[in-house]
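Please work through the exercises below with the sequence and the model side by side, trying each task before reading its solution.

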Amino acid sequence: MRNRDRILDAKRIVVKVGTTTLTHENGNINLERIERISRVLTDLSNSGKELVLVSSGAIGVGANKLNLERSNMSLQQKQAAASVGQAILMKIYQKFFGEYNQNVSQILITKNVMYDIEGKQNAENTFETLLDLNVIPIVNENDTTSTFEMQFGDNDSLSAMVSTLIEADLLVLLTDIDGLYTADPRRDQNAKIIPEVEEVTRKIESLASGKGSKFGTGGMITKLSAAKICGREGIETVIANGEDPYILYNILKGEDVGTLFLSNK
């Protein structure tokens with residue numbers, strides 16, 4: 001059996017989209033891409049898949065709306081930008097998903113939930129109920145009230161946390177790069193994509209580069225960390241380019257796109 005065949009029967013799937021996927025380089029919202037994400041996820045839901053969307057972008061969208069320069073923002077300004085940006089994003093998601101008659105919900109969560117027995121159970125119950133009702137939860141960090149997330153967090157780690165929380169079959173990280181390369185493809189034209197990774201070792205981690213954009217908080221290293229977390233829990237992970245969200249169809253058909261990180265179970 002091909003390793004890619006492992007994800008053919010994936011039913012419960014977490015899809016994480018980064019800031020660079022949701023916005024143009026100038027920080028404005030990429031409406032066409034969000035519309036495509038909404039259409040694809042709705043179609044997959046209609047086919048019987050259970051979907052959770054982990055969405056970045058709140059701070060970037062809010063900063064752009066408030067005319068704030070991200071590199072010079074204080075912690076309080078980032079929280080304010082997150083509050084404004086999250087409201088904008090959810091309004092857009094509701095509009096596009098609503099056009100396809102797909103119900104969505106908003107879940108703002110912090111990593112502290114994983115360390116609180118009651119909070120963790122409440123979160124599990126909420127996700128399970130929403131998925132049973134054919135609702136697609138849209139998850140983001142609770143940047144407005146939790147400085148912990150901004151100082152130490154990123155949505156790649158959050159997506160891994162959500163994947164383990166709901167016992168997902170697959171995590172897909174959509175970003176602005178085709179997958180994990182042998183070197184940084186932006187600097188080395190001889191860099192080649194690595195189609196599959198059996199284990200996230202120190203050697204693999206040494207291939208990671210830094211942040212992808214001035215609006216994002218993560219980079220390849222955080223994605224490798226997410227794949228490592230999921231791998232320990234028996235969850236496959238795929239890192240792929242989110243420029244065209246229709247790539248999700250190719251991934252779920254077992255095609256050789258992006259980089260597949262195999263689980264240890």
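Two exercises follow, one on a helix and one on salt bridges.

This is a predicted model, in which local features need pLDDT of at least 70 and side-chain atom pairs count only at pLDDT 80 or more, while totals for chains, interfaces and linings use all residues. Residues are numbered from 1 along each chain as its sequence is written, and side-chain values use heavy atoms, with hydrogens and water left out.

**Exercise 1. Find which residues of α5 are buried, and work out how they are arranged around the helix axis.**

Step 1. Begin with the extent of α5 (helices are DSSP runs of H or I with at least four residues, strands are runs of E with at least two, and both are numbered from the N terminus). The helix has 16 residues and reaches 23 Å from its first C-alpha to its last, close to the 22 Å expected at 1.5 Å a residue, where the expected span is 1.5 Å times one less than the number of residues.

Step 2. Next, sort residues by accessibility (buried means under 20% relative accessible area, exposed over 50%, and partly exposed in between, with a 1.4 Å probe and protein chains only). In α5, the residues G119, A123, F127, L130 and L131 are buried.

Step 3. Seen down the axis of α5, these buried residues fall within an arc of 100 degrees, so they line one face of the helix; the arc is that of the directions from the helix axis to the C-beta atoms. As a general point, an α-helix has 3.6 residues a turn, so residues three or four places apart point the same way.

Step 4. On the other side of α5, I117, E118 and D132 are exposed. The buried residues of α5 are covered by elements that include β1, β2, β3, β4 and α7, where contact means heavy atoms within 4.5 Å.

**Exercise 2. Which parts of the chain does the salt bridge between R12 and E128 tie together?**

Step 1. Apply the rule for a salt bridge (a side-chain nitrogen of Lys or Arg within 4 Å of a carboxyl oxygen of Asp or Glu), by which the count comes to 13. The side chains of R12 and E128 meet in one of these, at 2.7 Å from N to O.

Step 2. R12 lies in strand β1 and E128 in helix α5, so the pair ties together parts that are 116 residues apart in sequence.

Step 3. Finally, compare the partners: R12 counts as buried at 10% relative accessibility, whereas E128 is partly exposed at 31%.
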